[in-house]
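I opened my notebook beside the viewer today and kept a short record of each thing I looked up. Follow along if you like.

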Amino acid sequence: MITFYLLRHGKTVLDGRYIGSTDCVLSDEGEQQIKLLSPAFTKIEFSKVISSPMKRCIQTFDLLGINNNLQIVSEIREINFGDWEKKSFHEVFTENKNLTKVWQKNPLTFQFPSGEGIEQFLTRIKNFYSSFEIIEDEKNQNILIILISYANADFMRNRHFCVL
């Protein structure tokens, strides 16, 4: 059986903004958040540690202090918010009232302006997670996946997971 441990990166220096494809680092607060989690994760023997290629995720791994090689997987990177990248939530909703209404009504078919479509993003994430169905065997495995919130939400809807 495979047990997945899903960990979202800590708070970033651009907290409160859309930063899907923007490659930023953790804030001081985000670093402290991960350091507080470290003791729980260092007690677990992971057969694999996988991360999004984003700096904030790799930095999260480094701060955990676990003794594993890190496998970078580009398929689990955050969605590309296109023209909305680096804008605050307030800016997006006030400057794009009609588009945000479309997003709320039809989230799965929504395409971010000059960015990625949600359906395209979810297909990318599902393809990554479906690869584990093929490799699962009777051996117990603990797999840590460090990624972003959208990918976590999709995974949790479709699998069993462990929350610390």
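**Entry 1: the whole chain.** What percentage of the 164 residues of the protein count as buried? I am working with a predicted model here, and I found that 44% of the residues count as buried. I then looked up the accessible surface, which comes to about 9,100 Å². Carbon and sulfur atoms hold 50% of that surface.

**Entry 2: the order of elements.** I listed the secondary structure next and got 6 helices and 4 strands. Reading along the sequence, I wrote down the pattern β-α-β-α-β-α-α-α-β-α. I also checked the contacts between residues with a separation of 6 or more: 71% of them join residues 24 or more positions apart.

**Entry 3: strand β1.** I went to residues 2–8, which form β1, and asked how many of its 7 residues are buried. The count is 6, so I noted this strand as mostly covered, taking buried as under 20% relative accessible area. Which strand is joined to β1 by 7 bridges? I found β4, residues 141–147, and the two strands run parallel. To have one pair to click on, I picked Y5, whose bridge partner in β4 is L144.

**Entry 4: the cysteines.** I wanted to know how many disulfides there are. The count is 0. Why is C24 not bonded to C57? The closest cysteine sulfur to that of C24 is the one in C57, and at 9.7 Å it is too far for a bond; the cut-off I used is 2.5 Å. Looking from the other side, I saw that C57 is in no disulfide either, with the sulfur of C24 as its nearest cysteine sulfur, 9.7 Å away. Are these cysteines buried or exposed? C24 counts as buried because its relative accessibility is 7%, and C57 is buried too, with a relative accessible area of 0%.

**Entry 5: backbone angles.** I finished with residues that have a positive phi without being glycine. K86 is one of them, with phi of about 70°. I located K86 in the loop between β3 (70–72) and α3 (89–95). S114 is another, with phi near 60°. Where does S114 lie? I found it in the loop between α4 (97–105) and α5 (118–135). I checked its cover as well: S114 counts as exposed because its relative accessibility is 62%, and the cut-off for exposed is over 50%.

Terms used: Residues numbered from 1 in each chain as written. Predicted model: local features only at pLDDT ≥ 70, side-chain atom pairs only at ≥ 80, totals over all residues. Heavy atoms only, no water. Buried < 20%, exposed > 50% of the residue type's maximum accessible area, 1.4 Å probe, protein only. Contact = heavy atoms within 4.5 Å. Areas by Shrake-Rupley, 256 points an atom, 1.4 Å probe, with all protein chains shown as cover. Pairing = 2+ DSSP bridges.
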